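Reader: Could you take one part of this model and walk me through it closely? I would like to look at the aromatic rings and at what surrounds them.

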Amino acid sequence: MRIRDWDRPLKVRLFGEFFSNLSFWMVFPFLAIYFADEFGTSMAGILLVISQVFSVAANLIGGYCADRFGRRTMLFFSATVEGAAFILFAFANSPWLDSPMLSFVAFTIAGVAGSFYHPASQAIVADVVPESDRSTVFSVFYTSINISVVIGPIVGAVLFFQYRFALLLTAGIIFCLVGLALRLLTEETLPEEMKNQLVAKGGNGWMRVVVDQVKAYGLIVRDRVFLLYVIAGILLGQTFMQLDLLIPVYMKEVIDKQVLGNFFGREWAVTGEGSFGILLSENGLLVVLLTVFVSRWMTKYPEKWVFFLSSFLYMIAMLIFPMTANFWVFLIAMAIFTFGELATVGLQESFVSKLAPADMRGQYFAAASLRYTIGRTIAPLVFPLVTWIGFTWTFVILAVLAIGSGFIYLVMFKEYDKRRNEIAA
């Protein structure tokens, strides 16, 4: 399905979200550095945990709101609120005011608004795209996001620390314009009968949705294989989620200004913030270029060893980072880190679909998201850990968690093979 054949809501979403994602990735990767500088590493970790708790709570009812109030309504609401939050963030870093706490409040509001956006955004694809073409459409959006990840951090590494007010204000305006475009240039895709059915089910709406989802998560304690899958994912998540948390703060700490060499008669150097922007762009570029190739390559090998390889590569990357302050070695560590990410990118959802009974796939995928919701909530606790034991031992602990997840995956596949043999018998 070519882009020119897409419905207008999808085209508006694609181009609007590219610019909003670009704005987001100019800002988000450097927030850990900003909050650590303003509040100290320990308090920054606690605040980021609090912020994530609000986002997780919003995510629980995001799907319900998209079905109850409409996709277009929620996209408009989320984008404009996120835009207003960025404008508030800009005001808190303006020539007239310098308020880190107001910045944190604005960041939290933006995170909550983003949690309402994504369920509605994904639902539009299910509404207007035939099932046979959905994977193609999702892959285009995934590529668009990663292009913004390549460009955004490089630009943001300069603008966020030197022209923060202008950058945040521009990002807020872009989000508001995207919300306006989604409101004026798209049509509602929610089938009216679906909305009517949801309304007819009763008035306790979102509370029942939360209760139902929490009950659905209870299935992880009844399915041993799935429980191991989620536990391993949470442990491994503590590693790859540090890309936006611990790694930027560490690089700012160890790289003041590092000369890379003389090229074309000019001395080239990077700061800690700039070097992290380059590393994040390296990650995004490798994802864009190699996702399809690595995914196909990994299908040639047994799944259990691919999952273990991913954990092993994350462990190696975590052990390399604290061993050096050399920018070129950091590039190698990030390449290893990214290959760990790509190894299982095509296998995780397919494995969940194999575990789930046909009539419970939605619940299984919802429960599988616990790997990220729980992982994101506890990942910022690395900052208090750094305060207590330092960067080196914190990275070592993350490496142990990574390889620990690998061994849990091996146990999981042993249980999975046992189950299949019992069914076959």
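Author: F160 has a relative accessibility of 0% in this predicted model, and because buried means under 20%, F160 counts as buried. F161, in contrast, reaches 26% relative accessibility and therefore counts as partly exposed. The rings of F160 and F161 form an aromatic pair, with 5.2 Å from centre to centre and 85° between the planes, an arrangement that is edge-to-face. This pair belongs to a set of 32 aromatic pairs that a search of the whole structure finds.

Both residues are also members of one aromatic cluster, which includes F30, Y34, F35, F39, F89, F104, F107 and F276 as well as F160 and F161. The ring of F160 has a charged partner too, since the charged end of R164 sits over that ring, 4.6 Å from its centre. A further arginine, R183, lies over the face of F76, at 5.7 Å from the ring centre.

Another pair can be read in the same terms, given that a pair of aromatic rings is described by the distance of the centres and the angle of the planes. The ring centres of F327 and W328 are 5.6 Å apart and their planes meet at 65°, so this pair is edge-to-face, the cut-off for that class being over 60 degrees. Within this pair, F327 is buried at 3% relative accessibility, whereas W328, at 41%, is partly exposed.

Conventions: Residues are numbered from 1 along each chain as its sequence is written. This is a predicted model: local features need pLDDT of at least 70, side-chain atom pairs count only at pLDDT 80 or more; totals for chains, interfaces and linings use all residues. Side-chain values use heavy atoms; hydrogens and water are left out. Rings of Phe, Tyr and Trp (its six-membered ring) pair if their centres lie within 6.5 Å; planes under 30 degrees apart count as stacked, over 60 as edge-to-face and the rest as tilted. Buried means under 20% relative accessible area, exposed over 50%, partly exposed in between (1.4 Å probe, protein chains only). A charge sits over a ring if NZ of Lys or CZ of Arg is within 6 Å of the ring centre and within 35 degrees of the ring normal.
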